[in-house]
There are 6 protein chains.
Amino acid sequence: MSTLVKKDDPESDPRVKAVFDDIRATRKSDFINNIWRYLAFDPQLLENTWGEIKSVMACESAIDGQTKEMIYLAVSIANACSYCVHSHTAAAKARGMTDAQHAELLAIVSLAAKTNHLVTGMQIPLDEVFDCDQS
Amino acid sequence: MSTLVKKDDPESDPRVKAVFDDIRATRKSDFINNIWRYLAFDPQLLENTWGEIKSVMACESAIDGQTKEMIYLAVSIANACSYCVHSHTAAAKARGMTDAQHAELLAIVSLAAKTNHLVTGMQIPLDEVFDCDQS
Amino acid sequence: MSTLVKKDDPESDPRVKAVFDDIRATRKSDFINNIWRYLAFDPQLLENTWGEIKSVMACESAIDGQTKEMIYLAVSIANACSYCVHSHTAAAKARGMTDAQHAELLAIVSLAAKTNHLVTGMQIPLDEVFDCDQS
Amino acid sequence: MSTLVKKDDPESDPRVKAVFDDIRATRKSDFINNIWRYLAFDPQLLENTWGEIKSVMACESAIDGQTKEMIYLAVSIANACSYCVHSHTAAAKARGMTDAQHAELLAIVSLAAKTNHLVTGMQIPLDEVFDCDQS
Amino acid sequence: MSTLVKKDDPESDPRVKAVFDDIRATRKSDFINNIWRYLAFDPQLLENTWGEIKSVMACESAIDGQTKEMIYLAVSIANACSYCVHSHTAAAKARGMTDAQHAELLAIVSLAAKTNHLVTGMQIPLDEVFDCDQS
Amino acid sequence: MSTLVKKDDPESDPRVKAVFDDIRATRKSDFINNIWRYLAFDPQLLENTWGEIKSVMACESAIDGQTKEMIYLAVSIANACSYCVHSHTAAAKARGMTDAQHAELLAIVSLAAKTNHLVTGMQIPLDEVFDCDQS
C-alpha cells in the first residue's frame, strides 16, 4: 500500500530504463528494489536520487563502503524509516557487516539515542573546548 | 542555562570522584566535560551512564573506535542534540576522523535523511528479499 | 491492530453521531475514515480533534486549502506517521494536488530534511539578519 | 532571537489582556512567560493555545497534575524542544516533582529512547497479544 | 519481517535461558514477547537490555510503576516506535492505566507535540526564571 | 560555535567564488548567509548543496515559490533545526508570506504534529480507500 501508483512497465520510459540499467551494472545484480520501481513515477526525481546515491555511496572515497552503509543505517533507524532500515541493513551486510558488528551497531545507535535524550533533558551548556569556530 | 543545578564541588562525593577518576584514566586527560559534571547531581545515573559509555565505546570490539564515534555522531545529528553533535564531532576527530571524512559523513547523514523522508512520503512496501525473519 | 478497542456501533452515542454527521456534511461524503472511528472511544477527544481540524483546515483562511493540506502532509512525513501520510496525501489530491506537484512536494520535503541534517551537523551560528525580535 | 516580532505593549489588545489575566488568575502568579508574550502576535492562536493548555493541564482529571507535567516534559525532551524542556521542568517542579523523581524521569526517558531505537533497528513483528482491535 | 534471524530454540543458550527465566519470574507470567526473543541473537545485548529495563522499570523507586510506564509510552509515541507503543500501552494497562487515563495521556502527548512544534516555529528566547544553572 | 572552522577568505578558492557569485546573481543580493560560508570548507559539498537548492527552490515549477518555502519551513520546524527555521521563515517572508499566513502556517504545523502523535499513539489501521498501489 503506497501513496503512489507503481507503473506496470516502468522501463518503457527510456529515462527510467537508463537508470535501471545503471543500477544493475553498478550493483552487478538484476534485482531492482522497490524504492526505484516507485520512484519511476517521476523520471527526474528517479535520476536525481539515483545519481546522488551512486555518487555518495558507490564511489571510492575517504570512508570505506561498509562504514558508509553503517552510518546510513544508523540515521535511518533514528529517523524511524522502516523500509530504509531493511534496505540498508541488507546493504551493510552485503558490504561485509558481520553479525557481531550488527549487534554492536544496534548497541551504539541505541546508546546514542539514550544520551541524546538525557542531554536534551538536562539542557547542559557547551564546553568551550568544543568550539571550532574562528569567527 | 540548564534544568539542573551544577554542584560546586562534585568530587566531594566519593562515588562521583570514582567516576571522574575513571574518566581521566580511560581518556588519559584531566578534562571532564559538562555532561559528566551535570550528571553528578545523581551519582547512580552518573555511574550507569559512564559505565555503559565506557563498555560500548572505549573497549576493543568488532567495530573500530573511529567508526563507532562516527555512528554515534550520525545518530546525534538525526536526533538534533546540539551538545552531542559537538562532543561526538570532537571525539571522532580525536580518534582520527579527517576533514575529508567529516565532510563525507555530513554528506552521508544528510543524504540518508533525504531518502528517509522520500521513502516515508511514498510509503513503499518492503521487498521480500529483505526478510531475515524465519518465524 | 490498534492500541484501542474500536466500538461496534459508535453512532449509538449521540455525541459521536453529531461529530460523524458534521464530518459527512463538511466533506459532502458518507465516508468516515478510521481516525474518527477509533477516536470515538472518547467522545470529548473526538469532538475536540474534529473541531480543531475543521476550524484550521476546512474554513476559508489566509492560505488556500490545497496548500494547507500540502503543509500538513509535509509535517506528517517528517514525523513519520504512516496513517497521516496516507490520509493527507489523499486529502491534498482531493483538493487539487497534481502528480507533478506531488513529485515536487516529495523533492522539497526530502531536500529540507537533507539540509536540516546538514545544518544540525555543522552547528552554524544564526545570521544577525534573521533576527525579528525587538526585545 | 525569534522569528516573530514581540509586541511592546501586548495587553493594549483586549483579547490579549483577557488571556493574560486568565493566566495570572489560573496560576496565581503575575509572571507571564515568553510563549504567551510571543503568541500575542496573533490573538486567535493565543486564545486557542491557552484554552487548550488550561483545559488539558490545569483542570481536575483522571491523571494528577504532577504526572501530567512529567508526561508533557517527556514528550518535549523526545521532540528536542529546548524552551519546552525548560518550561515544563519548571512546571513539574512547581507541582511537586522532587530531585529524585527528576533523575528517575531522565532515566526512564533515555531508556525509552534507547529501546525505541533498538526495536526500530530490529524491525520486530508485533505480538498478537497486543491486539486490542476488534474490527 | 525483521532485520534479524529469530533463533528456533533460543533457550538452548544458557545465558538466554537465564534472562528468560528472570523475565518470567519478575513478571509472574510465562509469556515472553518478541523484543526478548529477537534480542536473543546476541546474549550480551539481551542481558544488558533486560538488566536495565528491570532496574529502571520493575524496582521500587521514587515514581510509581504506572506513571513510569505512562512516561515510557509517551516517549515511544514521540519517537514513532510502533512495537514500543503497543508493548508499553499493554504494560501501562497491566499496571492500572484506565481507559480515561489512556485517553488523557493521548491528549497530553498530542498537545505537547503541538506546542513543541509551535515553540520551535517561533524560536522564542528562554525566560531567565527557568535558569537552574549556578555556573 | 560550530563543529567546523569557517575560512577567513573563502572566495580565494575559485570554486567557492563561483558558487557565491551564483548565489548573489540568483538572489539579486550581496548577502551570503552562514550556511554557505560554512559549507565553503568543502567545495564539492557546497556546489552540490547549492545546485540542488537552486534547482528545486529557485526555478519555475509546478508549485509557486512562496508555497515551496512554506513547505520547506514546515519540515524544518518538524525536524527541530533552529537555523533552518530562521532562514526559511525569512525566505518565505521574502517571497510574500504575510503575518496572517505565518500565524496560520504555525497553526497547521502544530495541529499536524498533534494528530501525528495522536494517531501514532492509537496505531490505527489504514483505510483501504487510501491504497494507490496497483501491485
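Two residues are in contact, in the sense I will use throughout, if their C-beta atoms, placed from the backbone, lie within 7 Å. With that cut-off, and leaving aside its neighbours within four places in sequence, F:Lys7 is in contact with F:Ala40 and F:Phe41.

Before I go on, a word on the model and its numbering. This is a predicted model, in which local features need pLDDT of at least 70 and side-chain atom pairs count only at pLDDT 80 or more, while totals for chains, interfaces and linings use all residues. Residues are numbered from 1 along each chain as its sequence is written, and chains are lettered from A and ligands numbered from 1 in the order in which they are written.

Let me stay with F:Lys7 for a moment. F:Lys7 sits in the segment before helix 1 of chain F, where helices (H or I, at least four residues) are DSSP runs numbered from the N terminus. The C-alpha atoms of F:Lys7 and F:Leu39 are separated by 9.6 Å, although these positions lie 32 residues apart along the chain count. Is F:Lys7 buried, exposed or partly exposed? I call a residue buried if 20 or more other C-beta atoms lie within 10 Å of its own, exposed if 12 or fewer, and partly exposed in between, with the C-beta atoms placed from the backbone. F:Lys7 has 16 other C-beta atoms within 10 Å, and is therefore partly exposed.

Moving along chain F, we come to helix 1, residues 14-27, which has 14 residues and reaches 20 Å from its first C-alpha to its last, close to the 20 Å expected at 1.5 Å a residue; the expected span is 1.5 Å times one less than the number of residues. The buried residues of helix 1 of chain F are F:Val16, F:Val19 and F:Phe20. They cover an arc of only 95 degrees around the axis, so they are on the same side of helix 1 of chain F, the arc being that of the directions from the helix axis to the C-beta atoms. Turned away from that buried side is a face carrying the exposed residues F:Pro14, F:Asp21 and F:Ala25. The cover over the buried residues of helix 1 of chain F includes helix 2 (34-39) and helix 3 (43-58) of chain F. After helix 1 of chain F comes F:Lys28, with a positive phi near 50 degrees.

Now to helix 4 of chain B, which has 14 residues and reaches 20 Å from its first C-alpha to its last, close to the 20 Å expected at 1.5 Å a residue. How many of its residues are buried? Twelve of the 14 residues are buried, and helix 4 of chain B is thus mostly covered. Among these buried residues are B:Lys68, B:Glu69, B:Tyr72 and B:Ala74. The buried residues of helix 4 of chain B pack against helix 4 (65-78) and helix 6 (99-122) of chain A, against helix 3, helix 5 and helix 6 of chain B, and against helix 6 (99-122) of chain C. Just after helix 4 of chain B, B:Ala80 takes a positive phi of about 60 degrees.Position 74 leads on to the core, by which I mean a set of buried Ala, Val, Leu, Ile, Met, Phe, Trp, Tyr and Cys residues joined through C-beta atoms within 7 Å. Of the 258 residues in the largest nonpolar core, A:Ala74, B:Ala74, C:Ala74, D:Ala74, E:Ala74 and F:Ala74 touch the most other members. Not counting residues up to four places away in sequence, C:Ala74 touches C:Leu105, C:Val109, F:Ile71, F:Ala74 and F:Val75.

Finally, the pair of chains E and D. Chain E can be laid on chain D with an RMSD of 0.0 Å by a turn of 180 degrees and a shift of 0.0 Å along the axis, the superposition being by least squares on the C-alpha atoms of residues with pLDDT of at least 70 in both copies. That is the relation of a two-fold axis. The same surface serves both copies, in that 100% of the contact residues of chain E recur in chain D.

In this pair, 56 residues of chain E are in contact with 56 residues of chain D. Which helix of chain E gives the most to the side that touches chain D? Helix 6 of chain E does, with 17 residues. By class, that side of chain E has 34 nonpolar, 18 polar and four charged residues, where Ala, Val, Leu, Ile, Met, Phe, Trp, Tyr, Cys and Pro count as nonpolar, Asp, Glu, Lys and Arg as charged, and the others, Gly among them, as polar.

Technical notes
Helix = DSSP H or I, 4+ residues; strand = E, 2+ residues; numbered from the N terminus.
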